[in-house]
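Dear colleague,

I am passing on the structure we spoke of, and would be glad if you could look through it with the notes that come after it.

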Amino acid sequence: MSSGKPAIQAAGVVMLRKHRGRDQVLLVHRPEHNDWSLPKGKLNAGESLVAAALRECYEETGVHAILGPPLGKQRYRVMGRGKTVTYWAAKPGPSVKFKPNDEVDKIAWVDVASIGKTLSYRRDLRFIEQAAALPTTTPLIILRHAAAEKRADFSGVDKNRPLNGRGAQQAAALITLLAGYGIQRLDSSDAYRCVQTCEPYGESTGVRIHRDPALSESGYEESPKKTRKAMQRLMGKPRPTAVCSHRPVLPTLLAEVGQVPGADAAVWKRALRPAVAIVVHRTDRGRGPIVATERHESP
């Protein structure tokens with residue numbers, strides 16, 4: 001019988017590495033349950049799924065996850081209540097020495113080929129096998145700038161219109177998202193509101209912002225062809241990249257993404273609100289088929 005309560009929302013990662021030519025997955029041991037499972041945990045109040053997956057992985061293992069494609073959702077019941085866990089494939093980033101605690105007392109890198117000898121829950125096996133079968137991917141994130149002052153309330157040149165207070169909060173929140181995908185390059189419209197959207201991440205990581213007039217509203221109005229060419233160049237860059245532009249320009253940028261096999265245009269058909277992020281996981285150094293397309297709304 002259902003408890004009548006909403007399902008518990010949780011998030012986690014399937015973190016893989018190559019070790020001596022073998023695929024290995026990172027597992028955690030929970031002394032309370034005496035089980036070996038994937039790093040995961042419940043969302044805190046107001047926390048996004050991505051932020052929860054990243055936080056839980058680091059808290060449980062001491063390893064910062066660099067996210068890859070989403071793997072879907074796992075549903076089961078805990079003490080009569082539904083639980084939904086959303087997983088991402090991941091690779092290891094910077095780490096600190098693991099410290100055993102009451103929640104997780106051991107971690108282990110286990111060969112995927114023999115994972116059944118260690119893994120406690122068969123329901124986890126599908127996600128591990130799915131992650132291990134993925135090709136190498138590189139993320140491209142297309143951002144709409146965060147919330148800005150209204151045009152009617154700003155007396156200066158529109159290019160100089162800044163973010164409002166909510167927009168500044170959204171830009172700060174993007175640090176977690178962009179870091180979670182290991183973004184190494186920032187390309188932005190030269191409009192101040194777009195640059196401001198990228199600045200918190202750039203300042204926190206040292207990643208330089210490349211300002212491109214072709215990504216701006218005025219640049220697009222002047223030459224849509226240059227805007228398309230700019231996006232084509234960015235699609236081909238092999239580095240993890242984020243691109244920040246404007247609502248009127250985004251359909252053209254995303255149309256270029258939609259030309260690549262595997263792109264899921266349905267992900268961006270809904271209204272693109274301020275600070276929304278479309279994450280495209282590309283193969284073959286950015287030019288090949290797209291493995292997954294996902295969407296993250298602003299807080």
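Below is what was found, taken by topic.

Please keep in mind throughout that this is a predicted model, and that the values quoted here are computed from it.

Salt bridges

The count of salt bridges comes to 15, and a few of them are worth locating in your viewer. Arg55 and Glu47 are joined through their side chains in a salt bridge, with an N to O distance of 2.8 Å, and both Arg55 and Glu47 are buried. A salt bridge likewise links the side chains of Arg185 and Asp187, here at 2.6 Å from N to O, and Arg185 and Asp187 are both buried as well. The side chains of Asp23 and Lys18 also form a salt bridge, at 3.1 Å from N to O, but the setting is another one: Asp23 has a relative accessibility of 27% and therefore counts as partly exposed, whereas Lys18, at 60%, counts as exposed. Beyond these pairs, there is a network of salt bridges that links Arg151, Asp158, Arg161, Arg193 and Glu217.

A charged patch on the surface

Positive charge gathers in a surface patch made up of Lys225, Arg228, Lys229 and Arg233. Of these residues, Lys229 can be placed in helix 6, which spans residues 224-235. Lys229 has a relative accessible area of 42%, and because this lies between the limits of 20% for buried and 50% for exposed, Lys229 is classed as partly exposed.

Strands 12 and 13

Strand 12, covering residues 277-282, pairs with strand 13 in the antiparallel sense, and the pairing runs over six bridges. Within this pair, Val279 lies opposite Glu294, a residue of strand 13. Strand 13 itself covers residues 290-296, and since six of its seven residues are buried, the strand is largely enclosed by the rest of the structure.

The segment that comes after strand 13 contains Glu297, and this residue, with a relative accessible area of 37%, is partly exposed. If you would like a distance for orientation, the C-alpha atom of Glu297 is separated by 29 Å from that of Val157, a residue that stands 140 residues apart from Glu297 along the chain.

With best regards

Technical notes:
Residues numbered from 1 in each chain as written. Predicted model: local features only at pLDDT ≥ 70, side-chain atom pairs only at ≥ 80, totals over all residues. Heavy atoms only, no water. Patch = residues over 30% accessible without salt bridge, like charges linked within 9 Å, V, L, I, M, F, W, Y side chains within 5 Å. Areas by Shrake-Rupley, 256 points an atom, 1.4 Å probe, with all protein chains shown as cover. Salt bridge = Lys/Arg side-chain N within 4 Å of Asp/Glu carboxyl O. Lys, Arg positive; Asp, Glu negative; His and termini not counted. Charge placed at Lys NZ, Arg CZ, Asp CG, Glu CD. Helix = DSSP H or I, 4+ residues; strand = E, 2+ residues; numbered from the N terminus. Buried < 20%, exposed > 50% of the residue type's maximum accessible area, 1.4 Å probe, protein only. Pairing = 2+ DSSP bridges.
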